[in-house]
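Here are some notes for a colleague who is opening this structure for the first time. Please keep the sequence and the coordinates at hand while reading the points below.

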Amino acid sequence: MRQIIQSLRTGETQLVEVPCPQVRTGCLLIQTTTTLISAGTERMLQEFGKAGWLGKARQQPEKVRQVLDKVRTDGLFTTFEAVTDKLDQPIPLGYCNVGRVLEVGSGVTEFAVGDRVLSNGGHAEVVSVPRNLCVRIPDAVPDEDAVFGVLGAIALQGIRLLEPTLGECVVVSGLGLVGLLAVQLLQAHGARVLGADFNPARLQLAAELGAETCHLGEQDLAARANVFSRGRGVDAVLIAAATSSDDPIRQATEICRKRGRIVLTGVAGMSLSRDEFFKKELSFQVSCSYGPGRYDSEYEEAGRDYPVPYVRWTEQRNFEAVLDMLAAGRITARPLVSHRYALGDATSAYALIGSREPSLGVLLNYPAAAEEDVRQTTIRFAASHASVADARRAQTARSPVIGFIGAGGFASRMLLPAFKAEGARLKWVGTRSGLSGAQAARKFGIERATTDIEQILADPETDAVVIATRHDSHAPLTSRALAAGKSVFVEKPLAVNADQLGQVEAAVAAASRASQVLVGFNRRFAPQIVRMASLLRTVDEPKSFIATVNAGAIPADHWTQHPEQGGGRLIGEGCHFLDLLRHLCGHAITDVHAVQLGGRRPGLVCDDKVSISLTFADGSFGVVHYLANGHRAYPKERIEVFCAERVLQLDNFRRLSGWGWRGFSRMSLWRQDKGHRAEVAAFLAALRAGGPMPIPFHELVEVTRASFAAVESATTGQPVFFVPAAAEPLRYAA
């Protein structure tokens with residue numbers, strides 16, 4: 001199928017072939033008939049992409065500060081790689097989609113195959129959209145009208161925040177698509193409307209739709225609003241403009257009556273004047289897109305609706321309301337259409353919105369393709385993508401055949417380059433949406449991109465599967481890959497709960513290659529850790545380890561914090577440092593005791609400010625301070641070891657210092673190296689030799705159980721210990 005993407009690096013818009021997405025639980029698979037280009041939003045993305053490095057920096061100064069902080073902590077080269085990789089990731093465009101349901105995901109009962117639906121799906125021939133972002137279209141509303149329902153919901157949500165009453169005077173500042181829809185919706189509320197803009201054609205259209213108008217380039221808005229409001233000042237202002245200027249808000253404060261209301265539903269400068277707000281007791285609010293539920297993963301992704309008695313208007317119900325208004329003829333979308341393009345000519349449509357030629361509503365119409373033509377789940381890429389170096393390596397030694405499941409930022413930045421550089425044959429990449437997989441295939445010379453991972457697991461030629469998906473899928477995919485006879489490289493964590501871990505253990509026990517599982521504990525393989533381990537092996541006495549992790553704050557509702565999806569940060573990332581201390585010590589973990597910052601608090605959402613104490617079988621002990629409340633300019637990781645009147649200190653995987661070690665005092669690297677490529681090399685070497693993995697499986701299980709124990713201990717306040725190391729952890733008796 002075809003999808004429209006845009007490069008953040010160049011601003012170029014492309015129509016590319018990608019595998020058709022699979023329908024997900026709680027979602028609809030929709031074959032698109034019409035989409036609407038949101039000119040304001042998508043033009044801004046174009047302009048950002050086309051801007052040079054300096055222009056991008058000026059548009060996002062907060063990102064520049066983050067980059068500078070990363071340079072100070074991680075080094076210039078590592079930072080440059082991270083930034084360029086981010087800019088290389090294509091952006092899928094579009095969020096106004098109309099089509100027919102091809103397939104209904106499990107758990108969805110309110111839609112059926114064949115339903116005509118409006119959704120916030122993108123510009124693609126087939127989209128998979130969560131149920132709460134879809135609504136059925138009334139029969140009386142044609143596709144080209146219905147596709148305006150998403151932008152109509154944006155306008156409607158701003159109006160709901162304004163709370164207009166019958167007869168009130170409302171100014172709409174900015175007469176783009178959202179503004180012109182707002183003009184009509186406000187009149188349907190019984191308000192009198194004054195539309196303000198610089199564009200004469202849009203002012204004329206607003207007048208035809210029943211509004212009074214003010215040409216901002218020729219008329220004084222304050223004087224015009226004074227006449228419009230009969231000298232009282234307007235009751236409310238809806239700002240639907242797209243500008244970096246502060247003028248829309250400054251003008252709004254000037255024309256509002258005392259205790260007037262201002263709602264921003266577009267983009268504008270926000271240097272507010274306290275004096276005007278103070279004297280008039282004005283209220284100001286920013287409207288969040290389509291309405292309640294927007295950016296709430298529980299609503300949008302998990303499909304948990306808000307109860308009507310408490311949240312009458314969600315984003316989905318706002319979609320419905322706009323479609324009802326279109327069906328009743330209370331508002332119209334036909335006058336808003338300025339251009340129509342076929343999907344195959346999409347690049348011309350984007351050239352239009354990026355030019356000075358006037359345009360308003362730009363529609364993309366999709367061909368009536370047969371279902372089997374658009375539902376191709378696998379795309380083959382030409383063998384010429386492979387490099388000459390890859391071909392030479394293949395001649396000297398058999399290259400393990402690898403299938404990737406997941407091609408997100410980490411896989412694209414770290415794992416795929418490492419596997420390619422180490423001579424693996426990259427045959428498959430499987431992703432949920434298809435776009436990231438197709439992009440990875442083009443970039444790294446992967447032979448096939450698919451959204452059907454069963455093809456990867458069933459391929460007899462594939463030796464190993466790399467799993468780089470969300471945490472909750474690691475254990476199920478690992479078990480399925482082992483059952484299919486594949487070796488597995490799975491990113492941490494191995495599992496997010498004890499049940500999942502048990503499934504993996506059972507799969508390993510039943511697999512023909514029981515030892516062929518590796519978890520992505522890459523820090524073990526970092527050159528400075530290798531040096532530390534070699535030094536510590538010369539000391540035959542207990543040791544003390546301190547790992548300080550400046551983890552950085554992430555939102556409480558991020559998927560990694562979710563106990564079911566991400567396992568929480570201790571299980572999802574803290575396991576790295578439990579494994580690292582376990583490796584440096586060389587002995588089994590026997591005791592785990594974790595303390596939350598602020599003390600034990602039942603129902604605590606985040607587990608990312610914790611101190612974890614470990615005891616090892618040889619009498620060594622270690623502490624992992626995993627803290628999300630530090631400053632981002634401070635280095636992320638420091639590892640310290642005290643033993644035999646000697647000290648080792650590793651600063652952020654850039655500088656290793658030693659005190660008291662004969663023949664060793666310092667080891668510095670010109671760039672940060674956390675061991676990703678060496679880890680991949682060790683995995684591939686084990687595949688080639690048919691030998692055991694570089695980390696014994698029982699250690700992977702032990703560390704995973706230790707991460708579960710850390711969460712349990714932090715929650716209950718009780719220490720947890722392992723007797724024996726491979727058994728289930730038990731709490732100390734009171």
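1. Which residue just after α7 takes a positive phi? In this predicted model, the residue is Gly-190, whose phi is about 95 degrees.

2. Helix α7 itself covers residues 177-188, and because a rise of 1.5 Å a residue gives an expected span of 16 Å for its 12 residues, the 17 Å between its end C-alpha atoms agrees with that expectation. The helix is mostly covered, with 10 of its 12 residues buried. The buried residues are Leu-177, Val-178, Gly-179, Leu-180, Leu-181, Ala-182, Val-183, Gln-184, Leu-185 and Leu-186.

3. Turning to the nonpolar interior, the largest core holds 179 residues, and within this core Ile-402, Phe-419 and Ile-612 touch the most other members. There is also a second, separate core of 22 residues, which includes Leu-194, Leu-221, Ile-249 and Cys-256.

4. Phe-419 deserves a look of its own. Leaving aside residues up to four places away in sequence, Phe-419 touches Ile-402, Phe-404, Ala-424, Leu-426 and Val-466, and also Phe-489, Val-680, Phe-683 and Leu-684.

5. The next item is a sheet. Seven strands form an open sheet with mixed pairing, in the order β17-β20-β19-β18-β21-β22-β23. At its edges lie β17 (378-380) and β23 (517-519), each of which pairs on one side only. From one strand to the next, the twist averages 15 degrees.

6. Within this sheet, β19 (residues 425-430) and β20 (residues 448-450) pair in the parallel sense, and three bridges join them. Trp-428 stands opposite Arg-448, which belongs to β20.

7. A helix can be placed against the same strands: α20 (residues 474-483) lies across β18 (401-405), β21 (464-467), β22 (487-490) and β23, and it runs at about 165 degrees to β22.

8. Is Gly-437 buried or exposed? This glycine, which is found in helix α18 (residues 435-444), counts as buried because its relative accessibility is 0%, and the cut-off for that term is under 20%. When residues up to four places away in sequence are not counted, Gly-437 touches Ala-407, Val-429, Thr-431 and Ala-449.

9. A final point concerns a pair of glycines, for which sequence and space can be set side by side. Gly-437 and Gly-408 are 29 residues apart in sequence, while their C-alpha atoms are 8.5 Å apart in space.

Methods
Residues numbered from 1 in each chain as written. Predicted model: local features only at pLDDT ≥ 70, side-chain atom pairs only at ≥ 80, totals over all residues. Heavy atoms only, no water. Helix = DSSP H or I, 4+ residues; strand = E, 2+ residues; numbered from the N terminus. Expected span 1.5 Å × (residues − 1). Buried < 20%, exposed > 50% of the residue type's maximum accessible area, 1.4 Å probe, protein only. Core = buried A, V, L, I, M, F, W, Y, C linked by side-chain atoms within 4.5 Å. Contact = heavy atoms within 4.5 Å. Pairing = 2+ DSSP bridges. Axes fitted to C-alpha atoms, helices over the stretch in contact; angles between N-to-C directions.
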